[in-house]
Every structure is written in structure tokens, then in C-alpha cells.
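Colleague: Could you take me slowly through one part of this model, the nonpolar core, and set it among the chains around it? I am new to reading structures, so please keep the steps connected.

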Amino acid sequence: MRSIILQTATRYLLPILLLFSFFLLLRGHYYPGGGFVGGLVASIAFVLHSFANGTEATMKILKRKPLSLIPVGLGISAVSVVLPTFFGLPPMTGLWWEEKVPVIGMIGSALFFDLGVYLVVIGVVLTILFTISLTKD
Amino acid sequence: MELLLVLVLGLLYAAGVYLILRRSMVKLLLGIMLLGNGTNILIFLLGSITKGKPPVIDSNHNVFQDIYADPIPQALILTAIVISFALTAFAIVLLKRVYALVDSDDLDDLNTPEEEDI
Amino acid sequence: MLFTILLGLISSILLIPFGKRFKSSWSILLPFVPTVLFIYYLGYIPKVASGLTYFQEINWVPSLGVNFNLKLDGLSLLFCLLITGIGTGIFFYARTYLKGHPYFDRFFGYLYLFMSAMLGLVLSDNILLLFIFWELTSISSFFLIGFNNDQEASRKSAMTALTITGMGGFFLLAGLILIGNVAGTFKISELIEYRDVILNHPQYPLILGLIFLGAFTKSAQFPFHFWLPGAMKAPTPVSAYLHSATMVKAGIYLLARFFPVLSGTDLWTYTLMGIGGFTMLYSAIHSLFRIDLKSILAFTTISALGMLVFLLGIGTKQAVIAASVFILVHALYKATLFLVTGIVDHETGTRDITRLSGLKKVLGPVALAAGLAALSSAGLPSTFGFIGKDLIYEATLHVESHWILILTVIAVATNICLVAAGFMAGFKPFIGSLPQEFEKLHLPYKSMWIPPLILGGLGLIFGLFPGFIGNYLSYQTANSIYAGDTEMHLAIWHGFNTVLILSLVTLAAGTFLYFINKPSAEKVGFIEKFEKISPQQIFTGYANDIVKFSERFTNFFHNGYLRSYHMKIILFAEGLLIYKLWQSGPIKIVFDNLTPLTIYEVAVVIILLGALLIVVSTPSRLTSVVAMSVIGYCICLMYVFYSAPDLAMTQFTIDTLSTVLFVLVLYKLPSFLNLASARERYRDSIVALGFGAILSIIALKVLYEPIKTETSDFYGENAYILAKGKNVVNLILADFRGIDTMFETVVLGIAALGVYSLLKLRLKSSEKE
């Protein structure tokens, strides 16, 4: 299944797709997109890479087991849920920066929440697919 | 036209039910996925359906100016799609394990070894 | 009073961790608790005799009307004394009887539990509390009957007893709740104020019927009597304690307790007189044909219980007096006879009266106790039994005119049989010549023969000084049953009257019957034939039918084939849905309201249907997976058409990943086998298409339901104001309903962990076939 064309293509596709997925995540608040879709697109990028170069090669790029992304993502989401309580607000209240950031729009705790979802989705999908493809029987 | 969606959902359900009545485990799984898709469309139909008006507020305004598609069913379905992926993944792996153990895709073969053990 | 109940419960619980010690060195402490309680209740006698009633109330579940209301009056005191007094004897006795038994500690645990439950039952002044203790006695009785749980007969008897008394308990609960609702109070002492309300309420017959069922099952009245002879599988101390002296009298207690509230109607009188009268005569005759000592005693017990029900049914002042005395009379002599039987069984290894004779030479004091009890049961003048019998005849002779003859004849006939049966159990094993095999017997340890001797002796003492026991105990007992002054005066000599003649006739005829009736195994066989048509057979028949039915039912619904479960569930759902759709009327389609049809949609739908057909019919796995992904993309396009870009994107990516997943796992597997016949496939496709059609119709109906848009509008209007975003779907997920999403991601994580561990977990070589 290794083809030179695909290998070469994924070398460029991986960063582009990852950028795109991050873009989807950031603009999710204003346009179609968001944490789920972003995470799925990012996973597809890695899966594509693993198809071209083998799962071991992809794992090298990731450096860590994708399973570890799940607690990180959940942690970020949880922090963004709890954070408002430190300001005396009920949990999940949106906190926002006053200034608008170009391209992204406004940055707030909801974005961090979505970031957590994004990471969890990547972790889940890659854990499932990579464990399956790495298990030989 | 909504009637097409109604037709599609009926047939998705029919195919799903037909497949879960089969003996093969893979067919069972495919059937469950089809039922899930059918249910998604059913939920989709529960809201007001419009064409070409996604529930996204126009960038120049802060509230909707026009009628828009119902966002609630969409949020529900989005969740359902992602969860059903997790379910499918788990079921596939389970199936793989069962296949490695019993060496058969036939659900009826799952009954027999257990009875022999007793 | 509460502590008396708790003491037993705590002892029962303490026996679990410390039971081992009690088996050997500490076992002398076991009878300590009932002794203390007995002395405690003895102390109440003078106070209660002067007409006082004690109350105690502890809040428990006030909102449900269940409080720990306790009440001690004459009736309760009599039962408390029986429970603790006879209990003391039984505890001493059982300690020796069961010495060295592997479950010695367990036995006393159950016995303590029972004692507490029984005390609670007779002390409770709240009908729900009463019910709880009522059930506890059934449960502890179940454990005690099935104590020899290695014997099948024992387990079976325990089950029968629990089934019958448990069933009665349900009826009783229903009756008690009804009575509580009608009267508006759950306190027994307050119920009497609502007597008129209850008696005139349209539900009165129902209440009475339910309470009767509870009492009859517990007190082994016909047709529920058969569990009691079966319960004799229990160790003898249990038979003596539970199944003659105390627990079976709980039904009598219940009737006596509710006597002031419910009695006085024809329904009460004739039901109790009929059932009680029949039971007492029926089982008195039965007892004559038995050769097993315990069996004789069991049937005479049923007969005595029938007598008590009968007396409460008559319901006159004399009858109430007779009942309140007879409870005590019977408890004393019957417990004695049971304990004696236990000794005989323990020493000789048999309870067959055709084999036992002349035992008085080796078991002197035991024979004395048995003789005293038999005489009391026969009603010889100067025994307590004589007084009891007198009062019974007194009661039957003082009813309304045309019943006198029938009731008296029944009572006399029953008593004649009981006299003979009492002699059979109390005299026969001890007189005559001693067989050789029993010559080496010696008297058991004194803790076994002293309790029956005391109980038997009390029958004589009370008989000689009836005024003493009458004034101090029975008078107040009768008063609390009758809820008024019964003007009772017990005396040995009432003068030469009809009652005395009847008593003497009974005694003479009974003695005569004893001499002419020679029980034998053939007679047992003969009388057993009647049991074939008896209620027991009907009950066991029903029980077996229920078991068979549930077996078939389970085998039909739970046959181990997943597709058959699916089939049944789907058919059931179809049936329900068709019914509801049928009810809701026709469908209407308004084409004007629909969105316009485009060529793209039609094309997508055609592709989708084609792919669907392939999925259903293809024999190749890969083809079906590819077709599945086509279906997914088509649905994705539908979302695009109907303005759901987020859905479309998600569906697209998920579909891609699912396909990858399927291919990764499934491409190694062989193609589908065709496992179903053409006929099955046709049947399934009809069911499936039917289900699809039903859901389509539901969807069509939904399409024309007015849609409530308040929630959607809220999100739409507040999207920017509250959440500073513009993509409402994403705002719902990431902000408005963020917690839901949070937990959804947790679920995803769990699925991933599941997959991970499922695959990383290596198969053991033994698991691989």
C-alpha cells in the first residue's frame, strides 16, 4: 500500500490539514466548524499519514501515545468549565477578552472548552485506529 | 423535498431492521449503524426544515434577520454522530475479538461453546 | 418495652461474629436474654392486672405514619409472657438438644430473631409496624423449618410454609392499608374510635376478607392448614416454640386485636365460626389416625387453633373469656408435649407410637410431665385444661338459641378426639411393657426435662388455683379483647350443671375412643388418600403449573438467539405503533408547505437507495462496507441541502473514519455466508419493511405537527448576546449545553479506553481454541 506519490503528498498534506483543522476549531464560534469537526479532520490527517508511511512513522511524529491526549483534553475542558467559579460566577459562564484578535475574533473560555473537545477527539480516534492497526493477530 | 427524506428514513430503518435480523455479526453491526442514521434523519425532520439557511448569524448582524434552520436537532445529531462512531469502533473491536476466539461470524456459534462448557 | 425487642435483635446480630464462642464455652449465656425479659414482663403483671395500659412512642417515619408505637395491655402481656416464658424453657432445652450441632450458633440467631419479631408483633400499636414484625416472624420461621437444609423434605416444607404465610402476609398488608385509609389512622388503639365508620364502610367485607386471609394462613386454618404438619420438619424445640405455643397464635392474636374494631357483624361471626369449627373438627379427626408423635401434635394444634378462631367467631362475653384462657391452657400443655416428644425422639431415635411403650421406667420425670400435659389436654377436673374446656362449653351453651345444639356438638366431638389424641401422645409411649431395645436408655441432661416438667406442672397449679391466674392475667386479657369488662371469675367448681356433665361425657368418651382406636401404618395410608384431594395438592399443583409456565415463557422469550429477541421486540413495537397510528386518524400531505424538489436531491436519493440495496444483498463484506460509506456520504449531502453545514462536515469525516476502521478490521474476514432460507428472508423483509413504513408514517405526521420553537428562538436570540458567537449549533454544544458535551467527550474517552484495553489484553493460550 506504500506509494511514493502518497508519501510525498502526505508530507505536505499533514501540516496543511492540521492547519485547516485548527482553523475549523477557531472559527467554530462564528461559522460552521468547531471542536468535533476540527478534531476529526486532524485525525484524518494523521490517519492519512499513517496509511502512506506506516503507523510507526506517524507515532514518531506524535512522539506520545495518542491515549495521553484524552486526559489533557478533558483537563482543558474541565478547567474552562470551572474557571468562572474563581471569579464568583456560575460554572460554564463565558469569560471573554475585551480585545478582538484578528482572524479568530474574540477569545473566551468557550474556545478553550472547544480546544479540549478537539484534543479529546483526536486522542480517541487515533487511539482506536492506531491500536487496531498495530495489533497483529 | 421533505417527502424524500421521509422515504429515505423509512428505508434506512427497514434495511437496518432486516440486517439485525440476520445471523452474521457484521450484518448486525451494519444494521445498527443504519438504524442510527435513520434516527438521525428522523430527529432532523422533527425541527423545522429549510433550505439554504443554516443556523449561522450573518456576520454583519448580531441576531437572525431571516428564518433559519432549527439548531437544536442539529446539535443533537452532531452529538449522536460522534457517539455512534465511538460505539461502532468499540463494536468492531469486540467483533474482532470474538472472531479471534470463536473463528466464526455466526451469532449462533456464540451459544454452542458455552453450553458445551457446562 | 422497646429494649425488649432490640435486645433479641442485637443478640441475633451479635451471634454472627461471636457465634463460634457460643458453640462451646459461652453457650450458658444464651438463655439469659429470654430469662431477663420474662422477669421484666412478670413485673408488669400487678400493674396491668389493676387495669393499666402502657404506651411508648418513638418517631420513626412520621411522614408515612409509621411510628414505633408500642402498647402493653392484658392481651399483649399474656403473649409477652408466653413468648419469653416458654422461650426461656425452650432456650435451655435447645442448648442441650442441639449440643454439638455444626449450626448451633445460627440456630440461636434465628431463634432470637424470632423472639424479637414476635415480641414486636404483640407490642406494636401501629398496624404497619405490626405488619413488619408479622413478616419477620414468617421469615425466621422459614429459616427454622428449613434448619436441616441438607434434607430435601425440610427445604420443601420451609418453602411451603413461607409461600403460604408470605401470601397471607400480602393479603394482610392490603387489608391493613385499607383499614388505615378508611379510619384515617394507623394506630390500633385509635382504630376502635372509628368502629362505626369501618363497619359501615362499603369496603368492610374486603378489609375483613383480607385480614382473615392473613390470620388463617398464619394460624393454619383450613384450607391453609397443611403447612403446619410440614413445618414439623423443624427441630423439636422450634416446633414447640413456634408451631404450637407462639407464632401460629399470631393469627389468633391478630383476630383478638381487631376483635373490638371489626367483630359483631354476621360476616365476622359466621366466617370464623364456619372456618374455625370445620378446622377444629377436621384436624381433630385427622390426628387420631397418625402414628408419628409430632404429626399427632401438629393436627391437635391445628384443631386447637380452630377452636380459638371458633370462639372468637362466637364473640360473646363467655366465648372471649374462654378464648383468652384457652390460649394459655393450650400453650402450656402443647409445649410440654412437644418437648417430651423431643426427648423421646432424641433418646430412642423414633417417634412412631406403635413402637414406643413403657418408657416411664427409664424416663420417669419425662413421663410425669407428659402425663400432666395429657391430663390437662384431656380436661381432667383439677387441671387447667378442665377450666378451659368448661369455659368453651359455657360459651357454646350461651349463644343464640338455634345454634346451641350444633355448636355444642361440634365442640364436644372435637374435644373427644382431642382427649384421645392427647392420651396417644402423652400416655401411650410411657405405659405398658418396655421393649428390650429401649432398656439401656437413661434420662437426658436435666436442662432438657426440667422445662417440660415446669410447664406441665403449671397446668396443674393453675388448675388448682384458677382464681389466681384469672385475676392476675386472664381477666385483663379478656378485657382487652372484649374492650370492656368481662366480669370473669375463674373457679374450680361451678356447681353441678350441664357444663360439668358435658365435660365428664367428653372425658369418658375420649378415654373410650383412646382404647378402641389402634393407630397403625395402614390407617395412616388410608387417611393420606384424603390428602390427594386436599388443598395441599391443589396448592402444590398450582405451584408446579406456575413453574412450568414460567419455564415455557422464559424458553420462548429467552431462547438464546439474538435475532429472535430482535424479532419479538420489533413485532411488539410494530403492534403498539400500528394501534396508536390507527387511533390518531388519517395523514394529510400539503404539498405547498414543502420545500421545492431539486434534481440533485433526487439523484442523491437514488444513489442512496441503490447503495442500501447493495448493503442488504451483497455477499461480500468489502462491498457492503463501501456501500455503507456511500450511504453515509449521501446522507452528508442531504444535510448540505437542508442547511446543516456542521452536520455535513461531521458526517463526512466520521464516515471516512468509519470506513477506514471497517477496512482495517474486516478485510481479512471471509465473505458472508448465506445462513437463512429464502422463506426466512421474505418473512424478515416483510417485518423490516413494515417497520420502515410505520416510521415513515410517523415522520409524515410529525411534519405537520405545529413545532414549538421557543427553545430554538431563545438560542437564536441570545447567541450573540450571551455567548458572543454566531454559529448557533456550535454555541449550543460548546456553551449553552457545555456540560453535556463535556460528558460526551468523557464517553468518547471511555470508548477509546475500552478499545485500547480490549486489544492490548492478550488472549491466554487456553482461551484460544
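Modeller: In this predicted model, buried residues account for 45% of the 137 residues in chain A. Chain A holds 5 helices and 2 strands, and, read from the N terminus, its elements follow the order α-α-α-α-β-β-α. Of the contacts in chain A with a separation of 6 or more, 68% are between residues 24 or more positions apart.

The core you asked about is the largest nonpolar core, which has 192 residues, and the residues with the most contacts inside it are C:Leu308, C:Leu311, C:Ala322 and C:Phe326. Helix 16 of chain C, which covers residues 317–348, gives the most to this core, with 20 residues. Both domain 1 (1–259) and domain 2 (263–518) of chain C give residues to this core, and therefore it lies between them. To look closely at one member, take C:Ala322: leaving aside its neighbours within four places in sequence, C:Ala322 is in contact with C:Leu311, C:Leu391, C:Ile392, C:Glu394 and C:Ala395. There is also a second, separate core of 129 residues, and among its residues are A:Tyr30, A:Phe113, B:Leu9 and C:Tyr715.

From the cores we can turn to where two chains touch: 76 residues of chain B are in contact with 82 residues of chain C. On the chain B side, the elements that give two or more residues are helix 1 (2–20), helix 2 (25–46) and helix 3 (71–102), and helix 3 of chain B gives the most, with 23 residues. The residues on this side of chain B divide into 51 nonpolar, 13 polar and 12 charged. Helix 1 of chain B is largely enclosed by the rest of the structure, because 16 of its 19 residues are buried. Its length can be checked as well: at 1.5 Å a residue, the 19 residues of helix 1 of chain B should span 27 Å, and this agrees with its end C-alpha atoms, which are 27 Å apart.

For a contrast in burial, consider C:Asn517, found in the loop between helix 22 (498–516) and helix 23 (521–531) of chain C. C:Asn517 counts as partly exposed because it has 15 C-beta neighbours inside 10 Å, whereas a buried residue needs 20 or more. Apart from neighbours within four places in sequence, C:Asn517 is in contact with C:Leu288 and C:Ala420. The C-alpha atoms of C:Asn517 and C:Ala421 are separated by 9.8 Å, although these two residues are 96 residues apart along the chain.

Key: Residues are numbered from 1 along each chain as its sequence is written. Chains are lettered from A and ligands numbered from 1 in the order in which they are written. This is a predicted model: local features need pLDDT of at least 70, side-chain atom pairs count only at pLDDT 80 or more; totals for chains, interfaces and linings use all residues. Helices (H or I, at least four residues) and strands (E, at least two) are DSSP runs, numbered from the N terminus. A residue is buried if 20 or more other C-beta atoms lie within 10 Å of its own, exposed if 12 or fewer, and partly exposed in between; C-beta atoms are placed from the backbone. Two residues are in contact if their C-beta atoms, placed from the backbone, lie within 7 Å. A nonpolar core is a set of buried Ala, Val, Leu, Ile, Met, Phe, Trp, Tyr and Cys residues joined through C-beta atoms within 7 Å. Domain bounds come from an automatic or database domain assignment. Ala, Val, Leu, Ile, Met, Phe, Trp, Tyr, Cys and Pro count as nonpolar, Asp, Glu, Lys and Arg as charged, and the others, Gly among them, as polar. The expected span of a helix is 1.5 Å times one less than its number of residues.
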